[in-house]
Amino acid sequence: MSDIRLEGVTKRYGTFAAADSVDLSVTQGEFVTILGPSGSGKTTLLSLIAGLNRPTSGRIFIGGRDVTNATAQERNIGLVFQSYALFPHMTVLQNVLFPLGVRKIGGAEADRLARDALKLVRLDGFENRRPSQLSGGQQQRVALARAVVFKPDILLLDEPLGALDRKLREELQVELKQLQRTLGVTTLLVTHDQEEALSLSDRIMVLDKGRTQQIAAPTEAYLRPANRFVAEFLGIANFVSLPDGRQGVVRPERVRLAGAGQGQGQGQGQAARVVEAIYLGQMVRYHLALDDNRSVVAAVPFLGAAHAPGERISVSWESADVWPVT
Amino acid sequence: MTRSTGFSFIAPLLVLMVVAFNAPIVYMLGLAFWEKGRGFTLEHYEGLVEAPVYLRVLGNTMRIALIATLANIVIGYPLAHWMRGLGSRGRMIAIALVVLPFWVSILVRTYAWIVVLGNGGIVNRALQWSGLTDSPVSFLYNELGVTIGMANVLLPFLVLPLFAAMLRIDDRLLQAAASLGAPPRTIFWKVYFPLTLPALAAGSLLVFILCLGFYVTPAILGGGRVPMISNLLDTLINQIPRWEQASAISTILLIVTLAIFAAYRRLDRKASA
């Protein structure tokens, strides 16, 4: 178990900077997610930490040790790929035994450790199957067991749930979180899925064009985004003009709706027209057009009745719910 | 479309195959069991066993085929592995260089070896110039020359399937192995090599079987002094002629080839089970 520290880590391909002086500090046992769109450099960053790639400049520390120039073999990292990367010519058990064999752990001890790891991901009984005989979710769990069986200092997850369907992904998110808590291993997850980032992590790091945009707890980043990019990338953002000329962001669930002309008694409601009403089960999401043609998105609990497209309503929000962004 | 109408479409082709291809083979193989006027006989096989020269030629053929196949593996595996590491342009050039000899007549290629390997050829001149030998090494008209020629001609049969299999190996598997702590040697022997093994086995088997029946190269580079099965068959059919004997030898060759193939299939199935 160790902490991770990046100091000014930069990776250039020609003039293009896939990672641009990134600083990050992950404390021991913490679960941090690197979140960004494709091409933001998040996978590059992960491969630099894993040792599959060398940074152009900057330093990487794991457990206080400078590993900037260490090979992947020397870093004692558990790495899980989106594509699982299970060895197809080996059984499930042989896959999990592989990192132990490399570390000269063999015999009954290796067998016990491997079976324990498989039990941890609820795959006991699958020891002698081949990866090709397993479902995507099962394969990903084998990859997890293989990545934690040798007690790595840190765990790196590269879009581990990206290839799975939604329901399975939600189940595995819970399992992943529990596994991480049980093991107490410092974990760094890379994803483009903001829901995954918000639900799993202690902190998230939002990355765009190789640069850090914000490092904060999920609620903090959602409610108080550092800039326009973070506001738009994490969920839906309504941008409004503030009296001082700056822009502010209002989240859809903070937008209040009332029948036309009813206001909220405070007289600050703006007239709007319902463009689209989308049912999301427990919520309804309204796409609204204000009279000056600006659009606003509102999300309200669905309580049996909803506004229909074309209907005129009144829109308002508390000034405390507006967060200024640059 | 029902099964019977489908059959009627391929029936002409089937008839052609049976009449023009299979029937002559069966007739040829049957010759060995038939003596005019006396009916069924095994005496041609007895003749094979009694004259040890035939079995010696068969053994000789197997040995040369084995050496040529091993030479192919030793040259072809590193070559295919090296090609995998090239950029896309480098790969195209390398594939072209491997396949190019395919487009040149096998006769031309074999005669080219006479130029290269002859007493006044570049290889011998280079050896003498470098002082490694005083007198020319004889590469031609012996087993060495035949083995070199066959290994060259058959190399693409090994390299191409092997290269294709190596390309299919996901780099992330190797990265995963590295991240799990495996040193490069372990990654090669525990992950990379096992994944190429089926293609290596299939390619080697193909090369070996092709070697068994090779005619042109042993005939030219062996100069009649390296007896292999196909040259023996040529003699028995075109010069002596003793078709029955030739048929008996062909049958044995066919059985040996099928047995090797069956052994490979069993191994392969066991490996993928």
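How many bridges join β11(A) to strand β12 of chain A, and which way do the two run? Four bridges join them, and β11(A) and β12(A) (residues 247–250) run antiparallel. Across this pair, F239(A) stands opposite V249(A) in β12(A).

A word on ground rules. This is a predicted model, where local features need pLDDT of at least 70, side-chain atom pairs count only at pLDDT 80 or more, and totals for chains, interfaces and linings use all residues. Residues are numbered from 1 along each chain as its sequence is written, chains are lettered from A and ligands numbered from 1 in the order in which they are written, and side-chain values use heavy atoms, with hydrogens and water left out.

**The sheet.** β11(A) and β12(A) belong to an open sheet of three strands, ordered β11-β12-β18 in chain A with antiparallel pairing. Strands count as paired if DSSP finds at least two bridges between them. β11 (238–241) and β18 (323–325) of chain A are the edge strands, each pairing on one side only. From one strand to the next, the twist averages 45° (axes are lines fitted to C-alpha atoms, with angles from 0 to 180 degrees between N-to-C directions).

**Chain A as a whole.** Helices (H or I, at least four residues) and strands (E, at least two) are DSSP runs numbered from the N terminus. Here are some totals for the chain.

| Item (chain A) | Value |
|---|---|
| Helices and strands | eight helices, 18 strands |
| C-alpha box along the principal axes | roughly 80 × 45 × 30 Å |
| Buried residues | 52% of 326 residues |
| Exposed area | about 14,600 Å² |

Buried means under 20% relative accessible area, exposed over 50%, and partly exposed in between (1.4 Å probe, protein chains only). Accessible areas come from the Shrake-Rupley method with a 1.4 Å probe, and for residues only the protein chains shown count as cover. Carbon and sulfur atoms supply 49% of the area that chain A exposes.

**One buried aspartate.** D208(A) is found in strand β9 (residues 203–208) of chain A. Its relative accessibility is 13%, so D208(A) counts as buried. Leaving aside neighbours within four places in sequence, D208(A) is in contact (heavy atoms within 4.5 Å) with P37(A), S40(A), Q213(A) and F229(A).

**Over to chain B.** Helix α4(B) has 16 residues (88–103), which should span 22 Å at 1.5 Å a residue, and its end C-alpha atoms are indeed 22 Å apart. The expected span is 1.5 Å times one less than the number of residues. The buried residues of α4(B) are A94(B), V98(B) and V99(B); what covers them includes α3 (52–84) and α7 (143–168) of chain B.
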